[in-house]
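Student: I should like to learn how the descriptive words used for a protein model are justified. May we examine one together?

Tutor: Certainly; here is the model.

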Amino acid sequence: MTVGNTTATRPLRPWTAPTASDPVVATLRLPGSKSMTARALVLSALAGGPSTIAGALRARDTELMAGGLRALGAHMSIADDDRWLVRPHPLAGPAHVDVGLAGTIMRFVPPVAGLAEGRITFDGDPQARTRPLGPLIDALRSLGVRVESPATGSLPLTVFGTGSVAGGEVVIDASASSQLVSGLLLAAPRFDRGVVVRHVGPPVPSTPHLRMTVQMLRAAGAAVDDGTPDVWVVEPGPLTGRGWEIEPDLSGAVPFFAAALVTGGEVTLRGWPRSSAQPVEQLRTLLHRMGGEVVLTTDGLTVRGTGVVHGIEADLSDVSELTPALTALATLADSPSRFTGVAHIRGHETDRIAALAREFTGLGADLTESADGLEIRPRPLHGGQFRTYHDHRMAHAAAVTGLAVPGIELDDVSCTSKTMPEFPGLWSAMVTGES
């Protein structure tokens, strides 16, 4: 498994998004969920016995996560491309964890590092130093972990592990990211007293990801109480090694589903479970309102479109990862759209609200930023350069637009390797009918 800070040395790969001449009709099998793979890796590294992870995503984010946990002592091997074996081992430093540009690594691994003995350093891509970490750093300190970091509460940081974490009760403002809570919960069964996390502040975004964390903790044998709003209680106790089955990545699938709406086609994602840990119902509702039909059958999850996209008003706070692709759809719609509830995506790989407004305006769109979202008034678009800002979701948005607008040129499509290295090939094959 190759890991490392590849953004600084990775050459930019300009790419012209293919334009669809016919309705897109495709059946695809996409890589596994990044969110589920990351959580399974952490829980497996902390378990009392070996685990297997089937359907694991192999992409930059998950390989860096595996590399960080391996640096702390976990043993990992790959049976094949999408099946990993994890054998837990005593955690120890000194070690360095390269977070790349991944929020999951910078927020999930520092609590694990507190359980190691020794000095653990964290850093990543230059843009990673702008992502919010302060609430997690303060929470770890209040739980008895020694952490050194800049006054800005950001990377680079150093955790001085003692082999145990006292745990207890902590108050945190997780309005910037649900990962700030998930990171604490995933390691909490190994804390001496477990943890009680109380969120105080504006609503926590992306709550389906918190439900995923709780669900996977329970599957690994942890006792978790999330019955009180904004309070999570994890009891101390052993985690069990087990077999994990990773679902296809819903966020990564959305651009492909959007292709069905834009072109009046039909896209089926194979391997979709009848019961999902991801926010399928929210996606189903959004795509239906925008003119699509979403059906789950034994063949998979299928989206059909008519070629006419409708504008909508929607609070995307629970599904903020979908904002770029939905914004692309909205620029091609037959009426205006307004998206709210996503102020926190200004702190993602880039300020996604500002970047979306800037790049789509450059193509002729009429977008207005608000504090927590975007207003989109459709206008005729033209080709031109679309900057990705090292952000895979920005690349996905540009690809969706390119289905209907010739000449959309991404400055760097290689950023999609963060979560789906196969994206350029899969996308081109789908649009040309070779999938």
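Tutor: Let us begin with helix α9, in which Thr323, Pro324, Ala325, Leu326, Thr327, Ala328, Leu329, Ala330 and Thr331 are buried. This is a predicted model, in which local features need pLDDT of at least 70 and side-chain atom pairs count only at pLDDT 80 or more, while totals for chains, interfaces and linings use all residues. Residues are numbered from 1 along each chain as its sequence is written, and side-chain values use heavy atoms, with hydrogens and water left out.

Student: Why is Pro324 called buried?

Tutor: Buried means under 20% relative accessible area, exposed means over 50%, and partly exposed lies in between, with a 1.4 Å probe and protein chains only. Pro324 has 1% relative accessibility, so the residue counts as buried.

Student: What makes α9 largely enclosed by the rest of the structure?

Tutor: Nine of the nine residues of α9 are buried, and therefore the helix is largely enclosed. Helices are DSSP runs of H or I with at least four residues, strands are runs of E with at least two, and both are numbered from the N terminus. Helix α9 covers residues 323-331.

Student: Which residues is Pro324 in contact with, leaving aside its neighbours within four places in sequence?

Tutor: They are Arg352, Leu356, Arg393 and Ala397; contact means heavy atoms within 4.5 Å.

Student: Why is the pair of Phe256 and Phe423 called edge-to-face?

Tutor: Rings of Phe, Tyr and Trp (its six-membered ring) pair if their centres lie within 6.5 Å; planes under 30 degrees apart count as stacked, over 60 as edge-to-face and the rest as tilted. Here the centres are 5.7 Å apart and the planes stand at 75°, so the pair is edge-to-face. Phe256 lies in helix α7 (residues 250-263) and Phe423 in helix α12 (residues 423-432), 167 residues apart, so to speak of distant parts of the chain being linked is justified. Phe256 is buried because its relative accessible area is 1%, and Phe423 is buried because its value is 0%. Both belong to one aromatic cluster with Trp15 and Trp427.

Student: How do you know that the charged end of Arg146 sits over the ring of Phe160?

Tutor: A charge sits over a ring if NZ of Lys or CZ of Arg is within 6 Å of the ring centre and within 35 degrees of the ring normal. The charged end of Arg146 is 3.8 Å from the centre of the Phe160 ring. Likewise, the charged end of Arg242 sits over the ring of Trp244, 4.3 Å from its centre.

Student: What makes β6 and β8 edge strands?

Tutor: The open sheet of four strands has the order β6-β7-β9-β8, with mixed pairing. Strands β6 (95-98) and β8 (146-148) each pair on one side only. Two strands pair if DSSP finds at least two bridges between them; four bridges join β6 to β7 (residues 117-123), and these two run parallel.

Student: Why is the protein chain called as compact as a globular protein of its length?

Tutor: The radius of gyration is taken over C-alpha atoms, and the globule rule is 2.2 Å times the number of residues to the power 0.38. The chain has a radius of 21 Å, close to the 22 Å that the rule gives for 435 residues, so the description holds. The chain contains 12 helices and 23 strands, and 60% of its 435 residues count as buried.
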